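Me: Could you take a close look at one part of this structure and walk me through it slowly? I am in my first year, so I would like to follow which residues come together there.

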2 protein chains.
Amino acid sequence: VVVRKAGFSGTKNERMFELMDGFLKNDPVSLQKDILHHVEYTVARSRFSFDDFEAYQALSHSVRDRLIERWHDTQQHFKKKDPKRLYFLSLEFLMGRSLSNSVINLGIKDQCAEALSQLGFEYEVLAEQEGDAALGNGGLARLSACQMDSLATLDFPAWGYGLRYQYGLFRQIIIDGFQHEQPDYWLNFGNPWEIERVHVSYPVKFYGTVKEEIVNGKTSKVWIPGETVEAVAYDNPIPGYGTRNTINLRLWAAKPSEGHDIESYNTGDYINNIVNRQKAEIISNVLYPDDRSYQGKELRLKQQYFFVSASLQDIIRRFKDVHGNFDEFPNKVALQLNDTHPSISVVELMRILLDEEHLGWKKAWNIVRQVFTFTTHTVLPQALEKVPVDLFESVLPRHLEIIYDINFAFMEELKKKIGQDYVRMSRMSIVEEGAVKNIRVANLSVVCSHTVNGVSRAHSELLKTRVFTDFYELWPAKFQYKTNGVTQRRWIVVSNPSLCALISKWLGTDSWIRNVDYLTRLKEHASNPDLQHEWRMVKKINKMRLAEYIETMSGVKVSLDAMFDVQVKRIHEYKRQLLNILGVIHRYDCIKNMEESDRRKVVPRVCIIGGKAPPGYEIAKKIIKLCHAVAETINNDEDVGDLLKLVFIPDYNVSVAELVIPGSDLSQHISTAGHEASGTGSMKFLMNGCLLLATPDGSTNEIIEEIGAENMFIFGAKINEVPALREQESTVKSPIQFARVVRMVKDGYFGYKDYFKSLCDSIENGKDFYLLGSDFTSYLEAQEAADVAYVDKEKWSKMSILCTAGSGRFSSDRTIEDYAEKTWGIQPCKLPS
Amino acid sequence: VVVRKAGFSGTKNERMFELMDGFLKNDPVSLQKDILHHVEYTVARSRFSFDDFEAYQALSHSVRDRLIERWHDTQQHFKKKDPKRLYFLSLEFLMGRSLSNSVINLGIKDQCAEALSQLGFEYEVLAEQEGDAALGNGGLARLSACQMDSLATLDFPAWGYGLRYQYGLFRQIIIDGFQHEQPDYWLNFGNPWEIERVHVSYPVKFYGTVKEEIVNGKTSKVWIPGETVEAVAYDNPIPGYGTRNTINLRLWAAKPSEGHDIESYNTGDYINNIVNRQKAEIISNVLYPDDRSYQGKELRLKQQYFFVSASLQDIIRRFKDVHGNFDEFPNKVALQLNDTHPSISVVELMRILLDEEHLGWKKAWNIVRQVFTFTTHTVLPQALEKVPVDLFESVLPRHLEIIYDINFAFMEELKKKIGQDYVRMSRMSIVEEGAVKNIRVANLSVVCSHTVNGVSRAHSELLKTRVFTDFYELWPAKFQYKTNGVTQRRWIVVSNPSLCALISKWLGTDSWIRNVDYLTRLKEHASNPDLQHEWRMVKKINKMRLAEYIETMSGVKVSLDAMFDVQVKRIHEYKRQLLNILGVIHRYDCIKNMEESDRRKVVPRVCIIGGKAPPGYEIAKKIIKLCHAVAETINNDEDVGDLLKLVFIPDYNVSVAELVIPGSDLSQHISTAGHEASGTGSMKFLMNGCLLLATPDGSTNEIIEEIGAENMFIFGAKINEVPALREQESTVKSPIQFARVVRMVKDGYFGYKDYFKSLCDSIENGKDFYLLGSDFTSYLEAQEAADVAYVDKEKWSKMSILCTAGSGRFSSDRTIEDYAEKTWGIQPCKLPS
Ligand SMILES: Cc1ncc(COP(=O)(O)O)c(C=O)c1O
Ligand SMILES: Cc1ncc(COP(=O)(O)O)c(C=O)c1O
């Protein structure tokens with residue numbers, strides 16, 4: 001461990017004070033000077049000659065300087081107060097861009113814009129230069145990012161820990177309608193938003209063997225590693241809004257370790273040795289693109305342990321800086337496991353307390369049991385993460401021993417409670433027996449955490465009845481839920497400045513940005529024609545932006561009078577983008593078969609679909625191709641014209657979301673009920689006054705509760721109806737319209753007949769697992785209801801305002817306050833201003 | 001190619017001028033402010049709390065800011081003037097540390113020291129925090145560095161081009177007397193001395209096939225690569241001394257290439273694809289540690305082509321920015337090949353002119369012939385670089401074709417001149433026929449360059465008579481030589497500040513720092529007792545520093561009264577460190593066998609040896625072990641005490657040289673005559689007033705000419721005597737003292753009997769290729785002469801002063817002026833001040 005200590009005596013402090021005149025100033029002239037200074041000395045461009053990208057870099061460095069000031073003061077303050085800290089462990093953080101978020105949270109956006117404009121640059125143009133930090137796949141990862149923003153804003157003493165992938169989530173490019181994946185070289189042009197901490201680095205061990213040793217008369221286990229890799233810290237400041245508090249997201253990068261295996265270096269084959277050693281860096285190379293299918297992958301397990309080990313070393317070092325023993329540990333440390341990915345940390349903490357701190361099993365276990373909390377995002381027991389025992393034994397031999405010990409103790413405890421019910425015990429065991437022995441990582445997490453959270457009320461029910469039934473019966477009090485939320489700072493203030501201004505104007509305050517309860521007051525004005533008018537103007541502006549983007553990306557011109565109907569999220573069978581496309585085909589078919597006079601009554605639509613398919617998920621990739629094939633036909637059909645357009649937006653990511661969401665009228669969240677644990681995309685649309693067309697799944701049920709089913713378009717089977725429907729599926733005939741549109745695809749109406757065959761097979765009678773057929777009729781009805789509502793401008797506007805007004809409950813501020821109180825037991829620790 | 005253009009209109013310039021008040025100021029208070037600013041915002045440490053390393057980083061960034069100003073102005077000026085530019089291509093640059101060199105060349109060392117001292121830091125301590133940039137093996141690489149310093153100081157419009165190795169030359173660590181190699185993680189703690197140019201990057205191609213294409217009715221060859229790797233530029237500013245001119249050393253790093261092989265990315269196995277692609281970076285990973293033994297290594301060939309291709313793309317882009325066609329190319333571009341490593345550039349330029357610029361063979365060849373100059377560092381024909389044709393064909397298929405074409409034309413030309421002398425033709429051919437067909441890279445370089453340089457007069461003779469005899473006979477005018485030199489800025493001013501001050505005091509000027517001719521004036525004072533006294537004081541100070549270092553590194557206490565006798569350079573049989581060690585054993589043996597009274601007459605010695613052995617060079621590694629074994633015996637022998645110590649200094653590099661050289665009294669350069677092309681270590685010792693004990697090899701002959709044999713200790717066979725001595729070697733018996741000391745090693749007097757056997761075998765009668773036995777007697781005599789001289793303090797001091805006084809001829813300033821005039825045809829292009 002190398003964490004440098006200050007080598008600096010207090011006596012010289014006066015000289016320092018004299019030389020430094022406090023904080024950096026935020027007036028436009030000071031900002032200009034800083035920007036130009038960074039152009040010349042940081043970006044190292046010639047004076048008087050720099051382009052938009054270089055101006056973006058210089059501006060970002062100026063903002064970074066200000067973040068660093070607050071970051072330091074916050075860490076200093078936490079250090080002084082020593083509150084209970086929350087450590088948020090997550091393998092994925094989908095941060096998106098940082099510039100706009102930072103200047104807004106720092107409260108210097110207008111000053112920056114003014115400074116730039118005098119230099120001949122436009123703030124908006126520079127902001128567009130930034131690439132996304134896409135260190136995550138989707139919902140789970142963006143949730144972590146939103147929660148970090150809320151933790152900072154609400155002044156909680158929190159740290160995020162994760163992995164600094166060299167390549168983030170792949171970039172999706174579309175060639176001939178097919179998805180291709182390109183590596184995401186997000187670091188290639190520098191990243192001003194991170195601070196490299198070359199001296200904060202820890203060795204992380206892998207492989208090897210376990211020995212016994214006698215320490216003070218007691219036998220103790222010693223792990224002799226076969227490989228050691230260094231973890232180096234990169235700190236990403238997360239500024240709160242309306243507070244000076246700025247917390248830290250610390251991401252670890254893997255580097256070859258110095259001097260840990262000297263022996264291997266006297267072989268003469270120096271070049272090969274060094275090239276092999278270089279491979280250490282591969283651990284933090286690349287984000288796994290699918291969050292369900294990496295079971296049994298060694299690299300994935302190494303990633304998990306790598307980031308967990310470095311984080312725990314860092315956390316324990318920080319604790320020991322202040323505390324002489326571990327008695328206070330549970331009162332000072334809360335460890336949050338975001339899904340099972342960081343679950344190995346419960347074992348790692350046991351290992352440290354046992355083998356390195358020599359606390360003994362009882363004491364160690366008592367500590368572990370009090371510090372971990374676990375949030376699961378899974379809805380199906382069969383989707384829970386497992387790791388083959390063989391793999392574990394090879395990569396983390398000592399951890400496997402400890403898991404066996406934990407499981408033994410748990411089984412003994414269980415026997416006392418439930419008697420000799422071996423069937424139940426084998427279901428609950430952390431070790432799964434069978435042809436391939438597995439470690440059930442989820443069971444491990446449940447056993448070792450004091451609280452297990454679901455991510456919506458509906459999800460919580462599924463946990464009790466489907467995913468963790470046995471555990472719920474054993475420990476009902478352990479199970480809680482916190483409905484997910486999203487941050488209004490990014491999803492309204494940053495991404496929809498016009499709406500932001502409008503809301504503040506009508507509420508007479510911008511307090512809602514920190515205190516989202518204020519939003520409900522919009523309800524009072526929902527029917528006010530002036531607000532409605534302005535509301536529509538704002539939507540129009542955002543639709544224009546989106547229409548421009550669509551034209552640039554796909555060449556399709558869309559009409560602003562059309563309803564923008566959007567489904568953007570990862571492509572997955574259960575999310576049923578296919579249902580959407582089949583609906584579009586149906587609409588197209590109807591239009592084609594209409595009289596000219598009837599066509600005039602059709603509500604024009606722009607159907608927008610976007611999302612990445614996991615690279616190895618063939619069906620998902622076929623859905624993307626189908627979307628393009630259908631779009632090709634529809635968009636070039638003169639019969640249809642502006643009545644219907646279908647557009648695929650490539651490379652959906654956070655910054656694309658920021659553009660798309662404010663510009664949509666209607667958004668679809670149409671997963672087969674019981675498959676979406678929560679869904680957070682819907683909340684972002686809700687905040688932006690987009691109406692939802694949705695199934696009663698995940699958090700949608702709570703949205704219905706909040707804004708009323710009359711203000712949404714709800715359709716389809718309910719969670720508890722699904723099992724029965726699946727039973728009947730092979731006997732009940734799917735509706736005629738459904739069969740018709742499927743037939744069109746199957747018959748090659750959109751080309752690629754052979755290629756689409758397996759896609760059509762996957763929804764055929766008897767195999768339609770996700771119930772597209774069974775929900776099709778009600779889906780079309782809901783779509784029709786949306787058409788009807790859209791024609792009535794006043795009604796639509798009112799519904800839209802009520803969406804935003806009712807979205808406060810879905811702010812991550814509320815989620816985080818819940819967690820803080822009911823799960824983590826932490827208090828705010830605000831920097832004095 | 002992405003080189004960003006300024007997107008910035010002139011109209012806003014006034015606003016810029018208003019905001020920027022000219023150059024950064026260099027008074028101590030301004031420097032303090034800058035340092036503190038960098039502590040807080042660049043190093044991102046908490047205010048009032050930073051250690052020496054962080055202070056070093058902050059200071060370096062403050063210095064870097066000032067370098068950047070000058071760098072820009074210089075490049076701007078060159079651009080405006082468009083002079084003929086020199087491009088110095090070298091696979092190795094041994095720059096060492098940058099901080100001290102930079103502050104001295106910028107003329108701000110005292111101000112920095114004062115600024116730091118008020119903040120509670122010591123300049124010297126901070127300077128010690130810097131690690132070496134060790135991107136080279138030894139002489140050849142340090143030569144490049146010295147020449148860059150001279151090019152900058154003499155205001156020449158020059159650029160250096162090289163490779164930015166992730167790991168520099170291995171670190172040597174000694175365990176139990178054995179050398180172990182550790183990777184040199186020089187970039188792990190950041191490198192403030194480089195400027196990353198993310199937008200200056202070029203694709204470099206490898207493998208693949210060659211196609212024919214018809215362009216404008218002519219067939220043209222097109223190379224379809226199998227792999228593409230991106231080269232990204234890192235600029236290292238090289239400031240001149242006493243001038244604002246600051247030139248650029250541009251080093252290339254390999255990165256995976258974006259979007260060059262989209263096709264391979266639709267396979268579903270995304271993770272493996274990305275991990276494989278990552279391997280691109282390996283090209284610039286690691287410096288090959290031995291500069292003679294990598295023949296046939298694919299990675300080495302890829303390194304060479306990688307840096308050459310990127311450099312030529314950059315050079316041609318710069319040329320084309322200003323010129324519409326290639327007519328002026330030879331008048332604007334001089335391309336210097338530092339050894340054969342960059343020789344593929346002659347073929348690459350042909351390829352570009354032929355296949356990309358479509359100039360036609362005649363025109364292209366005419367240009368190529370006029371721009372390249374080649375300096376060789378080789379003394380033996382068998383040591384010249386070769387590349388197997390098979391390897392070439394696979395990695396660079398198009399280049400192989402062009403080489404065949406060049407060779408065909410050359411053979412035709414030759415036939416016209418020398419007739420059908422096929423034996424000679426086969427010797428001179430670029431393609432070597434045989435069981436394994438090879439490309440003779442050196443022949444290629446000679447054929448395509450307009451000038452071939454040796455690195456000393458003696459070397460030049462060897463080129464004519466031994467290495468390139470046939471070529472010399474064909475083109476005598478092509479062959480020149482420029483005796484190597486070293487820069488007095490680094491080797492006196494930076495590394496020996498006391499001597500620097502003393503020289504300036506006695507010369508009444510510091511002009512010698514820019515104009516080394518002034519140094520000769522020291523001769524006038526060589527006998528002045530006051531100067532001699534002060535001279536000895538300076539040496540004492542430097543010996544104290546060195547003695548301290550030795551004690552810290554090896555625990556051996558050495559007496560300052562002893563003569564410090566130093567041999568530091570790479571370990572190699574021809575450099576004969578073994579001769580030195582055998583000499584030490586002999587001295588030890590004599591002392592052991594002396595009467596107590598005689599011992600009092602012995603001149604006490606501290607024998608210091610340092611240097612790295614190539615990792616695969618067994619004999620060299622045994623020499624290191626022998627040195628340690630002998631030292632173990634001698635240093636612990638109470639009979640001997642301070643009369644004799646033997647010390648091995650580990651990890652010899654530039655910064656160690658800066659410490660060792662000023663602290664030595666005597667230095668050894670004892671290669672077997674005819675094996676050292678020049679040697680530059682000797683020149684550094686000479687400048688620092690260390691007497692030389694040397695063989696008449698390489699540049700030593702010219703040193704003798706300059707300061708007189710009476711002021712040196714010259715011994716051993718001459719170059720032209722060596723062949724005859726080798727002939728006789730098996731018949732003439734080696735001297736008795738030699739046999740005796742070898743026997744001691746052989747018999748296990750120093751342990752490790754078996755291990756040292758092969759070492760002893762290598763110098764046995766009949767196998768003593770490097771003639772240790774034959775030179776041993778005269779070596780001992782020279783050593784004795786040194787002892788005698790050392791006792792006479794006045795005489796020694798005078799000799800020492802004359803060494804420094806005579807070292808001017810061995811300044812790289814002189815070398816560079818020679819090259820500029822006689823080889824490159826370039827003129828200074830000085831920034832107006
Ligand atoms: C880039 C990105 N991907 C995925 C998601 C998750 O969307 P959903 O919850 O609708 O699946 C979000 C949330 O907005 C997002 O921004
Ligand atoms: C680090 C280093 N290695 C090698 C050399 C070359 O030394 P020589 O010319 O004595 O072989 C030098 C020159 O001073 C050097 O500084």
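Reply: In this predicted model, helix α11(B) and helix α14(B) meet through a set of residues that can be listed from each side: α11(B) brings I344(B), V347(B), E348(B), M350(B), R351(B), L354(B) and D355(B), while α14(B) brings R398(B), H399(B), I402(B), I403(B) and I406(B). Sorted by class, the residues of this contact comprise 7 nonpolar, 1 polar and 4 charged. To place these residues along the chain, α11 covers residues 344–356 of chain B, and α14 covers residues 397–418 of chain B. A pair of packed helices is described by two quantities, the angle between their axes and the distance between those axes. For α11(B) and α14(B), the angle is about 95 degrees and the axes are 10 Å apart. Angles of 65 to 115 degrees count as roughly perpendicular, and α11(B) and α14(B) are therefore described as roughly perpendicular to each other.

Turning to the ligand, 13 residues surround ligand 1, and the closest are K569(A), K575(A), T680(A), G681(A) and K684(A). By class, this shell holds 4 nonpolar, 6 polar and 3 charged residues. The side chain of K569(A) has a polar atom 3.1 Å from an oxygen atom of ligand 1, and the side chain of K575(A) has an N or O atom 2.8 Å from an oxygen atom of the ligand. With T680(A), by contrast, a polar backbone atom lies 2.8 Å from an oxygen atom of ligand 1. Taken alone, ligand 1 exposes 400 Å², and the protein buries 95% of that area.

Notes:
Residues are numbered from 1 along each chain as its sequence is written. Chains are lettered from A and ligands numbered from 1 in the order in which they are written. This is a predicted model: local features need pLDDT of at least 70, side-chain atom pairs count only at pLDDT 80 or more; totals for chains, interfaces and linings use all residues. Side-chain values use heavy atoms; hydrogens and water are left out. Axes are lines fitted to C-alpha atoms, for helices over the stretch in contact, and angles run from 0 to 180 degrees between N-to-C directions. Helices (H or I, at least four residues) and strands (E, at least two) are DSSP runs, numbered from the N terminus. Angles under 35 degrees count as roughly parallel, over 145 as roughly antiparallel, 65 to 115 as roughly perpendicular and the rest as oblique. Contact means heavy atoms within 4.5 Å. Ala, Val, Leu, Ile, Met, Phe, Trp, Tyr, Cys and Pro count as nonpolar, Asp, Glu, Lys and Arg as charged, and the others, Gly among them, as polar. A residue is near a molecule or strand if one of its heavy atoms lies within 4 Å of it. A polar contact is a pair of N or O atoms within 3.5 Å; within protein, one must be able to donate a hydrogen and the other to accept it, and residues adjacent in sequence count only if both atoms are side-chain atoms. Accessible areas come from the Shrake-Rupley method with a 1.4 Å probe; for residues, only the protein chains shown count as cover.
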